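Visitor: I am new to this structure. Please give me a close look at a single part, the aromatic rings and their surroundings.

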Protein chains: 6
Amino acid sequence: MNALLRRQLTTLPSLLLTAALLPLSAQATTTEARSERGAEVIRSLNQGENQSNLKAMREEFPFLAEATEAYALGDVWSRPGLDNRTRQLAAVAVMAALGEVGMMRVHAGYALNIGVSEEELKEMIYLITVPAGFPRAIAASQVLSELLAERH
Amino acid sequence: MNALLRRQLTTLPSLLLTAALLPLSAQATTTEARSERGAEVIRSLNQGENQSNLKAMREEFPFLAEATEAYALGDVWSRPGLDNRTRQLAAVAVMAALGEVGMMRVHAGYALNIGVSEEELKEMIYLITVPAGFPRAIAASQVLSELLAERH
Amino acid sequence: MNALLRRQLTTLPSLLLTAALLPLSAQATTTEARSERGAEVIRSLNQGENQSNLKAMREEFPFLAEATEAYALGDVWSRPGLDNRTRQLAAVAVMAALGEVGMMRVHAGYALNIGVSEEELKEMIYLITVPAGFPRAIAASQVLSELLAERH
Amino acid sequence: MNALLRRQLTTLPSLLLTAALLPLSAQATTTEARSERGAEVIRSLNQGENQSNLKAMREEFPFLAEATEAYALGDVWSRPGLDNRTRQLAAVAVMAALGEVGMMRVHAGYALNIGVSEEELKEMIYLITVPAGFPRAIAASQVLSELLAERH
Amino acid sequence: MNALLRRQLTTLPSLLLTAALLPLSAQATTTEARSERGAEVIRSLNQGENQSNLKAMREEFPFLAEATEAYALGDVWSRPGLDNRTRQLAAVAVMAALGEVGMMRVHAGYALNIGVSEEELKEMIYLITVPAGFPRAIAASQVLSELLAERH
Amino acid sequence: MNALLRRQLTTLPSLLLTAALLPLSAQATTTEARSERGAEVIRSLNQGENQSNLKAMREEFPFLAEATEAYALGDVWSRPGLDNRTRQLAAVAVMAALGEVGMMRVHAGYALNIGVSEEELKEMIYLITVPAGFPRAIAASQVLSELLAERH
């Protein structure tokens with residue numbers, strides 16, 4: 001139990017990190033401000049770079065790009081209630097379980113960028129065999145393997 | 001970055017917790033020992049109780065019960081590389097995304113038992129709107145709502 | 001043939017309805033205004049009533065409720081580029097194909113409210129056998145059957 | 001081993017049954033004849049009885065009922081290239097993997113009617129853990145358990 | 001608004017087209033006649049051309065090809081109760097939601113051929129974020145983008 | 001008819017093969033012995049060869065490789081209660097229905113290796129149109145077609 005309390009306390013720093021990047025726009029409720037907050041989220045996950053896919057999408061699918069930036073990233077991904085590590089690891093697990101290996105790769109990359117270890121990503125993919133079966137886990141392992149090869 | 005390092009360090013206690021419950025059987029490779037380790041995992045998540053569903057399954061579907069206990073719980077769920085909180089939150093996210101609300105409820109219950117807060121579970125379900133859409137997130141919110149009402 | 005032409009003409013009111021509610025809030029970009037636009041969308045589909053589910057969700061899952069109202073309804077469902085009939089029929093088809101029969105029922109109810117005929121809903125469910133197979137179509141037919149019985 | 005050989009031999013009647021009903025209508029190409037062939041398939045799987053669900057569906061969803069009878073049963077399920085046992089066991093596996101437990105129950109019932117053993121059905125559900133994960137296999141085991149309790 | 005009215009009016013030809021091809025074969029109940037009706041449906045959607053995929057399938061998978069032509073196209077897709085625009089837009093939505101991007105592309109192409117606008121297709125893909133999540137909508141947007149580039 | 005009887009008889013060798021490999025390791029309960037039994041299963045399905053994919057996986061994802069070999073193959077696939085033909089045909093059906101065409105190809109290859117005919121595989125894929133719809137069946141037919149071209 002003490003260990004549980006201790007763990008509870010140790011999540012504070014990552015919450016503060018999230019908080020640190022949000023002061024300017026956490027209360028933002030206009031679409032423009034939400035989009036800007038989404039762009040900040042991406043840069044915090046993507047080594048300071050904007051997402052190049054989003055830029056291309058903005059020309060042809062402006063509503064979808066805005067929804068991705070203002071809603072998915074600006075509203076959901078910027079929420080303070082979960083630390084970034086848990087969020088990225090859960091995103092990797094969900095994308096792998098749904099067979100969305102392209103998106104899994106994006107989130108696995110973000111996870112590595114914020115300090116999640118290769119071993120943790122591999123554990124998460126191993127875990128996927130239970131809720132979603134072996135084909136999804138094996139496909140995810142192959143995509144992760146490619147990503148790690150590129151990074152090395 | 002310091003925050004990241006600090007967070008990395010703070011996961012140690014939860015790893016130690018996992019380690020603390022495993023000393024007897026971590027190296028177990030016989031089916032019997034793996035099943036016993038699976039039973040320990042359940043008890044550590046389920047307030048010291050065995051899983052009653054497993055007992056019923058053991059009579060009619062002995063291989064499936066053994067696979068659940070020895071493989072899903074004894075091999076996968078007992079791995080030390082991820083802390084229990086991250087694992088349960090990811091399990092909740094994956095079950096919600098796949099539409100497996102019954103299993104989501106089980107893992108949400110375990111999560112609460114080991115100190116995950118209601119707010120964190122709600123954040124995870126909110127997050128699910130992005131990878132899996134609103135119907136799955138809303139269905140999960142209704143099941144979580146029932147679970148929380150029971151607990152209060 | 002005449003029936004087709006007649007149906008075609010009867011879509012005009014629903015187009016006009018969409019048009020009628022847009023001028024006021026189409027440019028809305030604050031979360032509050034987007035939520036209000038979402039509430040208008042529901043009332044236009046739900047015989048002037050608010051969605052009672054949303055009210056309950058707002059207490060326990062305020063972000064999810066806001067996302068449903070401001071994003072799903074206020075941003076997506078209120079877009080002018082598709083008429084309400086096409087949107088509701090597509091929503092019925094998608095929900096049936098994904099096995100989300102509860103949501104299918106909600107959208108089938110909205111579709112009936114705005115003048116989609118029972119026959120059109122049945123055709124859409126029949127169509128679902130091709131992309132998603134017979135179990136999903138048959139499950140959808142049973143849920144639609146219950147809804148129609150209630151309405152009669 | 002003996003049990004395996006014995007089981008192998010007991011499939012002969014179901015093959016002969018398939019053969020017996022095919023000569024009359026195998027060349028049927030009108031919708032009426034295909035529907036009649038579908039009705040024969042059901043009776044051969046359902047202890048001589050028609051499917052009561054189909055009768056209800058015929059009133060409200062006549063095209064869907066015709067498609068189920070003439071296409072799903074009359075065209076697909078009546079094909080001679082696979083024996084009935086293999087077809088029913090595969091249907092049980094597929095329905096379980098897709099989470100369609102209602103349809104799985106129907107096909108598990110047909111399987112029992114044509115001589116598939118309870119043990120074979122349980123093996124198939126156990127197998128499902130590998131391609132589709134544990135939640136789908138466990139849900140299928142619970143539905144099969146109910147069916148077996150009813151039959152005993 | 002004017003654009004909406006204009007679009008509404010432009011659906012008349014596609015309705016008339018459906019009507020025009022139905023009198024001849026609507027009562028067809030032999031497999032041959034149903035297949036011929038299916039081939040007519042394809043030609044009406046595919047700028048007068050037969051589907052080349054179907055021709056290849058006919059050699060190796062004759063039953064599947066016949067089912068596609070006689071059932072999926074000849075029975076389901078030729079039904080008079082929904083106009084072609086609604087049917088194609090719903091098919092695009094369903095295929096995108098199920099992650100079947102190859103088939104989505106085929107139906108998006110048919111939709112463009114019968115006068116559905118690029119904007120309407122983009123709206124439909126944007127809508128998919130709500131029932132099926134962002135990864136499916138984004139994947140669909142990329143495939144549609146390729147199709148539009150080819151057409152320009 | 002004769003063809004059916006003949007096919008029935010040709011399943012005997014594959015049953016005997018299963019029987020032949022079981023006496024040695026059926027009681028194995030250590031992970032090492034279960035893995036060895038899994039390797040035997042692969043060799044019996046893969047013309048005496050080990051699975052090259054598994055070897056690569058073992059280096060980067062050792063737990064996943066062990067789970068595949070000891071659990072999926074050693075525990076599940078080696079069970080005596082279903083003959084190899086039924087198991088492989090069901091695996092092909094399930095993988096096709098889930099859209100896992102890569103895994104479907106692997107199991108279709110195993111099926112051919114143990115004497116399942118091309119026609120039986122085609123029948124199984126045709127059957128998939130009913131539970132899972134046409135896109136999954138057509139995608140599976142294309143992958144099977146490639147496999148058959150390679151084998152000829």
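Guide: C:Y126 is buried (under 20% relative accessible area with a 1.4 Å probe, protein chains only), since its relative accessible area is 4%. This is a predicted model, in which local features need pLDDT of at least 70 and side-chain atom pairs pLDDT 80 or more, while totals for chains, interfaces and linings use all residues. Residues are numbered from 1 along each chain, chains are lettered from A and ligands numbered from 1 as written, and side-chain values use heavy atoms, without hydrogens or water.

Over all chains, the whole structure holds 21 aromatic pairs (rings of Phe, Tyr or Trp, the last by its six-membered ring, with centres within 6.5 Å). One of them joins A:Y71 and C:Y71, which are stacked (planes under 30 degrees apart), with 4.5 Å centre to centre and 0° between the planes. This pair crosses between chains, from helix 5 (residues 62-77) of chain A, where A:Y71 sits, to helix 4 (residues 62-77) of chain C, which holds C:Y71. Helices here are DSSP runs (H or I, at least four residues) numbered from the N terminus. A:Y71 and C:Y71 are both buried.

C:Y126 has a ring partner too: with D:F63 it forms a tilted pair (planes from 30 to 60 degrees apart), 5.6 Å centre to centre and 55° between the planes. This pair also crosses between chains, running from C:Y126 in helix 7 (residues 118-127) of chain C to D:F63 in helix 4 of chain D. Elsewhere, ring pairs link A:Y71 and C:Y71 with B:F134 and E:F134 into a cluster.

Chains C and D also both line the second largest pocket (an open set of 1 Å grid points, with protein on both sides within 12 Å along at least five of seven lines). Its volume, the space filled by probe spheres set on the points, is about 450 Å³. The lining consists of 24 residues (an atom within 4 Å of a point), and C:I138, D:T68, D:M103, D:V106 and D:H107 lie nearest the centre of the pocket. Helix 9 (134-151) of chain C gives two or more residues to this lining, as do helix 3 (52-60), helix 4 (62-77) and helix 6 (101-113) of chain D. Helix 6 of chain D gives the most, with 6 residues. By type, the lining residues of this pocket are 16 nonpolar (Ala, Val, Leu, Ile, Met, Phe, Trp, Tyr, Cys, Pro), 1 charged (Asp, Glu, Lys, Arg) and 7 polar (the others, Gly among them).

Notes: On a 1 Å grid over the protein atoms alone, a cavity is a set of points where a 1.4 Å probe fits but cannot get out, and a pocket is an open set with protein on both sides within 12 Å along at least five of seven lines; lining residues have an atom within 4 Å of a point. Buried means under 20% relative accessible area, exposed over 50%, partly exposed in between (1.4 Å probe, protein chains only).
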